[in-house]
Amino acid sequence: MKKIAVIGAGASGLMCGVFAARAGHNVVVFERNEKAGKKIYITGKGRCNLTNASDPQEILDKVVSNPRFLYSAIYSFDAYLTMDFFEKLGLEIKTERGNRVFPVSDHASDVTSVLERELKRLGVDVRYRTRVNGLLREDGRCSGVSYSVREGATETEKFDAVVICTGGRSYPSTGSTGDGYALAASAGHRIIPQRPSLVSFTTEPGEGELPAGLGLKNVSLKVTQSGRDIYNGFGEMLFTHKGVSGPLVLSASAFLGDDFSDVRACIDLKSALDEDALDRRILRDFEKNANKDFVNAIDELYPKNLIDLIVAKSGISPRKKVHDITKEERRRLVEVTKVFELRVTGTGGFEEAVITRGGVDVKEVDPSTMQSRILPGLYFAGEVLDLDALTGGFNLQIAWSTGALAGNSVCNEFDFE
Ligand SMILES: Cc1cc2nc3c(=O)[nH]c(=O)nc-3n(C[C@H](O)[C@H](O)[C@H](O)COP(=O)(O)OP(=O)(O)OC[C@H]3O[C@@H](n4cnc5c(N)ncnc54)[C@H](O)[C@@H]3O)c2cc1C
């Protein structure tokens, strides 16, 4: 029996703890918070979209950074095994639109509870309010951790292996403040710079000028960065006080680079109509409202809250009588509708990002065991690694799969001694 330290009682750490304990090890989980799974609690709007009932390849297709690294992890513990795992622990689950899997109770806390109960059954020692702040090293191996229970008082403890499951930087209020990067760097690991992903955009026009709260359905969104198309999608989005958000925008954010000098979000507000069909539709509305002011003639065509912005972008005077609007002006209205452009100035940042891009460079981690290639005895799982996926339960699947693989692999090398 080997002694294993797991740093972090989030999704990956809880899963890793279960698998390491089931493999017969003596496991200690260190968690800086007063309870486990603070982030799990807020996933899926409190309902926890815990996985996506899809085949491994379909899951890997939704991974944005380093999908190939995940082959062993996802194939050895896929979505179906994950569902089976949770069901065996007594969690009833259901599958909704887009294969998204949730607890039947719609309570994310139930996901954490079954994991905690299993850890307890296995005799795992979970130490809350304990923040790991260093790794011990002996004879070229990772040999333990240093941690503080109270501010200023550091203690050390020896372990045969240590698994870093500290998450990324997003939603730092949940305890994921990026500690794992410093720990990994202290072991000699290269850390890929982080940026927020699955996050809203701030735009121009911005605060005060946008119809905050207005949702758009059945629209197309194209995002370009420095003239290059980085995203094309169809679906729903939402105006906020500072810019745009919603499913399309979150997905688009996963492909953004760092340079915001020329990022544009172009919304096709009438994607079901091509330009000619849209022009005919506008003409019909204009004929019906020939004697009205322009601003009062287009309320069947656009959401009420968007009309002022559309009028401003079209360059047509709001008080111009519809029968005076020229063909050229109508063409501009078509153009503004098909390419409703916002300049993207930034993102909502780590405070509101669902996931962190970047992290521990996966080239320095063995994908079949999750062990460090730099410091034997050190392992990684979850968002601390340079891995991220789109929404739909894929990010938690990464945490479950890498956590299970690390827990299963940890100290396996000793079997051959
Ligand atoms: C609002 C929101 C909604 C989301 N919804 C979904 C969803 O529905 N489906 C989905 O698939 N994904 C979702 N995600 C993403 C998902 O939550 C993460 O991918 C996942 O939680 C990552 O798991 P992790 O174990 O790597 O990290 P975390 O869950 O962040 O856990 C890390 C843990 O480590 C602890 N820790 C950190 N540093 C230390 C230290 N030095 N010492 C001790 N403990 C430490 C932290 O307190 C934390 O408990 C959502 C994320 C957010 C923010």
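How is the chain divided into domains? There are two pieces to keep in mind: domain 1 (3-196 + 357-416) and domain 2 (200-348). This is a predicted model, with 12 helices and 21 strands in the chain. Along its principal axes, the C-alpha trace spans about 90 × 40 × 35 Å.

**Overall build**

- Of the 417 residues in the chain, 45% are buried.
- Take the contacts with a separation of 6 or more: 71% of them come from residues 24 or more positions apart.

**The two domains**

- The C-alpha centres of domain 1 and domain 2 sit 41 Å apart.
- Where they meet, 6 residues of domain 1 are in contact with 6 residues of domain 2.
- On the domain 1 side of that meeting point, you'll find 3 nonpolar, 1 polar and 2 charged residues.

**Nonpolar cores**

- As background, nonpolar side chains in soluble globular proteins tend to be buried together.
- The largest nonpolar core here has 104 residues, and the members touching the most others are Ile 4, Val 6, Ile 7, Val 162, Val 163 and Phe 380.
- Both domains feed into this core, with at least three residues each from domain 1 and domain 2.
- Ile 7 is a good place to start looking: leaving aside neighbours within four places in sequence, its contacts include Gly 13, Phe 30, Val 132 and Val 145. Ile 7 also contacts a run from Val 162 and Val 163 through Ile 164 and Cys 165 to Thr 166.
- There's a second, separate core of 11 residues, and Leu 278, Ile 282, Phe 294 and Ile 298 are among them.

**Around the ligand**

- The shell around the ligand holds 38 residues, and the ones that come nearest are Gly 8, Gly 10, Gly 167, Gly 175 and Gly 382.
- Four elements give two or more residues to this shell: helices α1 (11-22), α2 (38-42) and α12 (394-409), plus strand β8 (131-138).
- Which element gives the most to the shell? That's α12, with 4 residues.
- Sorted by class, the shell comes out as 14 nonpolar, 17 polar and 7 charged residues.

**Strand β18 and its partners**

- Strand β18 (residues 340-347) pairs with strand β13 (residues 201-204) in the antiparallel sense, over 4 bridges.
- In that pairing, look for Phe 201 opposite Thr 347 of β18.
- Strand β17 (residues 263-268) also runs antiparallel to β18, joined by 5 bridges.
- Here you get an arginine facing an arginine, since the bridge partner of Arg 264 is Arg 343 in β18.

**Two residues to look at**

- Ser 409 is in helix α12. Is Ser 409 buried or exposed? Ser 409 has 23 C-beta neighbours inside 10 Å, and the cut-off for buried is 20 or more, so Ser 409 counts as buried.
- Not counting residues up to four places away in sequence, Ser 409 touches Thr 369, Met 370 and Gln 371.
- Ser 409 and Ile 42 are 367 residues apart in sequence, and their C-alpha atoms are 30 Å apart in space.
- Asn 232 is in strand β15 (residues 228-239). With 14 other C-beta atoms within 10 Å, Asn 232 falls between the exposed limit of 12 or fewer and the buried limit of 20 or more, so Asn 232 is partly exposed.
- The C-alpha atoms of Asn 232 and Thr 130 are separated by 44 Å, with their positions 102 residues apart along the chain.

How values were computed: Residues are numbered from 1 along each chain as its sequence is written. This is a predicted model: local features need pLDDT of at least 70, side-chain atom pairs count only at pLDDT 80 or more; totals for chains, interfaces and linings use all residues. A nonpolar core is a set of buried Ala, Val, Leu, Ile, Met, Phe, Trp, Tyr and Cys residues joined through C-beta atoms within 7 Å. Domain bounds come from an automatic or database domain assignment. Two residues are in contact if their C-beta atoms, placed from the backbone, lie within 7 Å. A residue is near a molecule or strand if its C-beta atom, placed from the backbone, lies within 6 Å of it. Ala, Val, Leu, Ile, Met, Phe, Trp, Tyr, Cys and Pro count as nonpolar, Asp, Glu, Lys and Arg as charged, and the others, Gly among them, as polar. Two strands pair if DSSP finds at least two bridges between them.
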